[in-house]
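Subject: A structure to look through

Hello! Here is the structure I promised to pass on, followed by some notes on what turned up in it. Please open it beside this email and follow along at your own pace.

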Amino acid sequence: MYLVSVIATTFVLPLLATIIELVASPGSDPLVVAGKWFVFFGVGIRLLLAGLSQIFRPGFTAKNLLGIETDDANQVVQELGFANTAMGIAGLVAYFFAPSWLPAVAAIAGIFLLLAGLRHLVKKGKSATEWIPTITDLILAVVLLAFVVVSLLA
């Protein structure tokens with residue numbers, strides 16, 4: 001279930017929503033449309049789900065993604081969950097109520113995901129499960145930060 005939700009919210013749903021909107025609204029700026037949907041799904045949905053999982057099931061993240069077998073890391077994982085939850089809520093608020101926030105939310109989440117992905121990347125002995133957030137964090141970070149650059153130049 002973890003792999004399906006990460007792949008769906010990182011790639012499948014934002015790309016599908018982007019294509020649907022571009023077909024329905026010809027002439028829309030593809031980068032702006034994609035940015036909006038990547039913030040909604042990649043930040044709003046993905047980070048909110050990750051955050052709630054880390055808050056209520058810190059052992060899953062500690063054991064399966066970080067390779068920590070004891071409960072010693074649970075407090076830190078839960079605090080990471082608070083940060084992910086806050087970014088997820090900000091992504092949803094930006095999409096539904098404050099579209100002018102979309103680039104700011106993308107910048108914050110993009111920088112966070114870039115740094116997290118780079119940290120995962122240099123870790124030795126990653127499990128197959130840990131490669132999932134490593135690669136998806138980095139790809140999503142690039143997409144979000146590209147949206148920020150496009151928004152700043154517009």
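A helix here is a DSSP run of at least four residues, and helices are numbered from the N terminus. Asp137, for instance, is found in helix H6. Please keep in mind that this is a predicted model.

**Asp137 and His120**

Let's stay with Asp137 for a moment. Asp137 counts as buried because its relative accessible area is 6%, and buried means under 20%. Leaving aside residues up to four places away in sequence, Asp137 touches Arg46, Leu113, Ala116, Gly117 and His120.

The last of those contacts takes us to helix H5, where His120 is found. Is His120 buried or exposed? With a relative accessibility of 14%, His120 counts as buried. Its contacts, again not counting residues up to four places away in sequence, are Leu65, Leu66, Lys126, Glu130, Pro133, Thr134 and Asp137.

For contrast, try Leu115, whose place is also in helix H5. Leu115 has a relative accessibility of 56% and therefore counts as exposed, since exposed means over 50%. If you want to find your way from there to Ala8, the two C-alpha atoms are separated by 22 Å, and the residues are 107 apart along the chain.

**How H1 lies against H6**

Next, look at helix H1 (residues 2–24) and helix H6 (residues 128–153). Their axes come within 11 Å and cross at roughly 10°. Why is H1 called roughly parallel to H6? The crossing angle makes H1 roughly parallel to H6, because angles under 35 degrees count that way. On the H1 side, the contact is made by Tyr2, Leu3, Val6, Ile7, Thr10 and Phe11. H6 brings Thr129, Ile132, Pro133, Thr136, Ile139 and Leu140 to the contact. Sorted by class, the contact of H1 with H6 has nine nonpolar residues, three polar ones and no charged ones.

One residue of this contact is worth a click: Phe11, which is found in helix H1. Phe11 is partly exposed, with a relative accessible area of 23%. Not counting residues up to four places away in sequence, Phe11 touches Thr136 and Ile139. Phe11 and Ile139 are 128 residues apart in sequence, yet 9.3 Å apart in space, C-alpha to C-alpha.

**Phe38, in H2**

Phe38 is found in helix H2. Phe38 is buried, with a relative accessible area of 6%. Which residues does Phe38 touch, not counting residues up to four places away in sequence? They are Thr10, Pro14, Leu15, Val43, Leu140, Val143 and Leu144. Now compare the two kinds of distance for Phe38 and Arg57: they are 19 residues apart in sequence and 25 Å apart in space, C-alpha to C-alpha.

**How H2 meets H3**

H2 and H3 pack at an angle of about 100°, and their axes are 4 Å apart. That angle makes H2 roughly perpendicular to H3, because the range for that word is 65 to 115 degrees. H2 makes the contact with Ser53, Gln54, Ile55 and Phe56, while H3 uses Pro58, Phe60 and Thr61. By class, the contact of H2 with H3 divides into four nonpolar, three polar and no charged residues.

H3 has a set of buried residues too: Pro58, Gly59, Thr61, Ala62 and Leu65. These buried residues pack against H1, H2, H4, H5 and H6. Just after H3, you will come to Gly67, which takes a positive phi of about 75°.

**The largest pocket**

Finally, have a look at the largest pocket, which holds about 690 Å³ of space. It is lined by 27 residues, and Tyr2, Ala50, Gln54, Leu65 and Pro133 lie nearest its centre. The elements that give two or more residues to the lining are H1, helix H2 (30–56), helix H3 (58–65), helix H4 (74–96), helix H5 (102–122) and H6. Which helix gives the largest share of the lining? That is H2, with six residues. By class, the lining has 14 nonpolar, seven polar and six charged residues.

Happy exploring, and do write back with any questions!

Technical notes
Residues are numbered from 1 along each chain as its sequence is written. This is a predicted model: local features need pLDDT of at least 70, side-chain atom pairs count only at pLDDT 80 or more; totals for chains, interfaces and linings use all residues. Side-chain values use heavy atoms; hydrogens and water are left out. Axes are lines fitted to C-alpha atoms, for helices over the stretch in contact, and angles run from 0 to 180 degrees between N-to-C directions. Angles under 35 degrees count as roughly parallel, over 145 as roughly antiparallel, 65 to 115 as roughly perpendicular and the rest as oblique. Contact means heavy atoms within 4.5 Å. Ala, Val, Leu, Ile, Met, Phe, Trp, Tyr, Cys and Pro count as nonpolar, Asp, Glu, Lys and Arg as charged, and the others, Gly among them, as polar. On a 1 Å grid over the protein atoms alone, a cavity is a set of points where a 1.4 Å probe fits but cannot get out, and a pocket is an open set with protein on both sides within 12 Å along at least five of seven lines; lining residues have an atom within 4 Å of a point. Grid points are joined across faces, edges and corners, and a volume is the space filled by probe spheres set on the points. Buried means under 20% relative accessible area, exposed over 50%, partly exposed in between (1.4 Å probe, protein chains only).
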